[in-house]
Amino acid sequence: MGNPKAFLEIHRQEAGYRPIHDRIHDFGEVEQTLNTRERKLQASRCMDCGVPFCHWACPLGNKAPEWNDALYRGEWELAYRLLDTTNPFPEFTGRVCPALCEKACVLYRFNHEPTTNRENEAAITEVAFREGYITSRTEMVRKRERVAVVGAGPAGLAVANALNHMGYMVTVFEKNEAAGGLLRYGIPGFKLNKAIIDRRTRLLEQEGIEFRFNVELSGFSDCSVFSELSDFSAVVLAIGTPTARDLNVPGRELDGVHFALDFLSQQNRVLAGREFSKDERITASGKDVLVIGGGDTGSDCIGTAHRQGCKSVTQIEIMPKPVCGPDDPLNPWPGWPRTLKTSSSHEEGCIRRWNVNTLEFIGEDGRLTGVKVQEIDWKANPDGGCPVMVEKGRPEIIKAGLCLLAMGFLKPEHPVYPENVFVCGDAVNGASLVVRAMASGIEAANRVDAYLSHTSN
């Protein structure tokens with residue numbers, strides 16, 4: 001703790017976003033950066049608490065007080081080495097993590113001005129890449145066992161990276177044309193430039209990991225897939241949550257109703273140079289857009305719709321509006337406060353509504369023209385259990401030429417796998433955060449290592 005008074009003398013300063021009138025015309029990252037002096041001042045605010053709740057809240061167990069102190073002192077390489085001990089890909093979490101650590105920071109409890117851990121993490125990593133502190137590790141003692149990893153999302157990349165550093169020969173099978181999973185195809189470029197993923201993938205390849213893209217394996221439900229992977233001593237499934245939650249109401253078949261991930265992934269592929277026919281293209285250009293679902297994926301749809309040139313965008317959520325304010329009485333500090341979140345995409349313009357249920361998709365000549373919705377209330381269930389939904393007022397129609405379903409994903413069900421098969425990430429936990437997927441991947445790598453070490457003796 002280089003400056004014991006910094007948290008009293010220096011206020012939290014975020015880098016902020018590019019101006020709205022500028023950023024909505026491209027898919028460049030919206031977040032800006034602080035200069036070196038300001039970044040070091042922000043790092044100085046960390047109090048190196050005796051009980052570091054930031055460390056407790058982070059699924060990876062990041063040692064924020066240690067690398068914040070190194071950053072404050074200008075020891076950038078040391079800061080990265082400390083960060084690297086717990087976080088294999090801080091360039092990802094430094095951009096897209098909701099920063100559980102910051103809400104658990106003692107300064108959040110003190111004055112709602114926590115240390116800017118996430119931004120500091122991103123800054124440390126970019127300096128490390130720029131200055132050459134990050135290099136490929138090629139001089140590893142190799143073991144004879146080969147491990148297959150199915151899925152190259154954040155969990156798959158994390159487990160592959162950890163196993164590779166343990167000395168195992170790792171092959172990653174990915175059904176898409178490039179690595180990243182949700183990072184590449186679900187998160188828009190304005191939050192995460194895909195060159196960041198390519199940079200890390202090249203490094204993993206240099207370190208000896210083999211990637212096989214455009215390979216879609218099937219037969220997980222009856223375990224027949226593992227006959228194709230019989231050459232591997234262990235298999236790790238990091239297949240995510242591929243099934244989106246649907247909305248089976250009248251009119252679902254109309255042209256113009258799409259899953260959010262189909263919309264987002266196509267746009268990311270367009271930016272990567274892939275071409276789609278006019279009939280295949282999902283676009284918000286010139287349309288009134290309705291997003292059903294109030295989470296991060298819905299927010300990403302809003303920002304993407306603006307950049308495609310939509311006429312208007314409305315977001316509805318069936319659940320009540322979260323608490324407005326920094327504190328959540330039902331989930332107090334140091335837990336994560338379930339409060340109203342306004343993203344950069346929301347700031348770009350959006351009508352937001354809560355307690356709205358979808359009744360029907362309405363169309364003409366097979367194309368969507370509007371969505372019939374109903375305002376609702378939630379009442380306590382006299383029999384206990386989940387609250388009861390009751391109608392409020394009359395149904396109404398929201399004009400829409402494009403409706404995007406962003407209601408989450410269904411947790412996969414798994415059969416009993418052979419003892420050398422392991423599951424990690426969203427595939428086992430259900431849809432969650434990138435940082436949790438990475439932590440699950442590291443934990444799976446340790447289980448694989450323990451299994452192979454036991455069977456080889």
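A cavity is a set of grid points where a 1.4 Å probe fits but cannot get out, and its lining residues have an atom within 4 Å of a point. The model described here is predicted. By this rule, five cavities of 30 Å³ or more are counted. The largest cavity holds about 140 Å³ of space. It is lined by 18 residues, and those closest to its centre are Cys58, Asn62, Cys97, Cys101 and Glu121. Helices H4, H5 (64–72), H8 (100–104) and H10 (117–131) each supply at least two residues of this lining. H10 gives the largest share, three residues.

The second largest pocket contains about 310 Å³ of space. Its lining comprises 19 residues, with Asp84, Pro88, Arg137, Asn161 and His165 nearest the centre. Helices H6 (76–84), H11 (154–166) and H13 (194–206) are the elements that give two or more residues to the lining of this pocket. The largest share, four residues, comes from H11.

Aspartate 48 sits in the loop between helix H3 (36–44) and helix H4 (53–57). The relative accessible area of aspartate 48 is 41%. Partly exposed residues fall between the 20% and 50% limits, so aspartate 48 counts as partly exposed. Its C-alpha atom is separated by 4.9 Å from that of proline 65. The two residues are 17 residues apart along the chain.

Two open sheets are described next. One has five strands in the order E3-E2-E1-E4-E14, with parallel pairing. Strands E3 (210–212) and E14 (421–423) stand at its edges. Each has a single partner strand, so one side of each is left without a neighbour in the sheet. On average, neighbouring strands of this sheet are turned by 20 degrees against each other, direction ignored. Within the sheet, strand E1 (residues 146–150) runs parallel to strand E4 (residues 234–237), and four bridges join them. Alanine 148 has valine 235 of E4 as its bridge partner. Helix H18 packs on this sheet and touches E1, E4 and E14. The direction of H18 makes about 165 degrees with that of E14.

H18 covers residues 434–455, a run of 22 residues. At 1.5 Å a residue, H18 should span 32 Å, and its end C-alpha atoms are 32 Å apart, which agrees. The buried residues of H18 are Val434, Val435, Ala437, Met438, Ala439, Ser440, Gly441, Ala444, Ala445, Val448, Tyr451 and Leu452.

The other open sheet also has five strands and parallel pairing, in the order E5-E13-E6-E7-E8. Its edges are strand E5 (257–259) and strand E8 (351–354). One side of each edge strand lacks a neighbour in the sheet, because each has a single partner strand. Neighbouring strands of this sheet are turned against each other by 20 degrees on average, direction ignored. Strand E6 (residues 288–292) is joined to strand E13 (residues 402–405) by four bridges, and the two run parallel. Valine 291 has leucine 404 of E13 as its bridge partner.

Two helices meet strands of this sheet. Helix H15 (residues 296–307) packs on the sheet, touching E6, strand E7 (312–317) and E13. The direction of H15 makes about 175 degrees with that of E7. Helix H14 (residues 260–271) lies across E5 and E13. H14 runs at about 75 degrees to E5.

Note on methods
Residues numbered from 1 in each chain as written. Predicted model: local features only at pLDDT ≥ 70, side-chain atom pairs only at ≥ 80, totals over all residues. Heavy atoms only, no water. Expected span 1.5 Å × (residues − 1). Buried < 20%, exposed > 50% of the residue type's maximum accessible area, 1.4 Å probe, protein only. Pairing = 2+ DSSP bridges. Axes fitted to C-alpha atoms, helices over the stretch in contact; angles between N-to-C directions. Contact = heavy atoms within 4.5 Å. 1 Å grid on protein atoms, 1.4 Å probe; cavity = no way out; pocket = protein on both sides within 12 Å on 5 of 7 lines; lining within 4 Å. Points joined across faces, edges and corners; volume = space filled by probe spheres on them.
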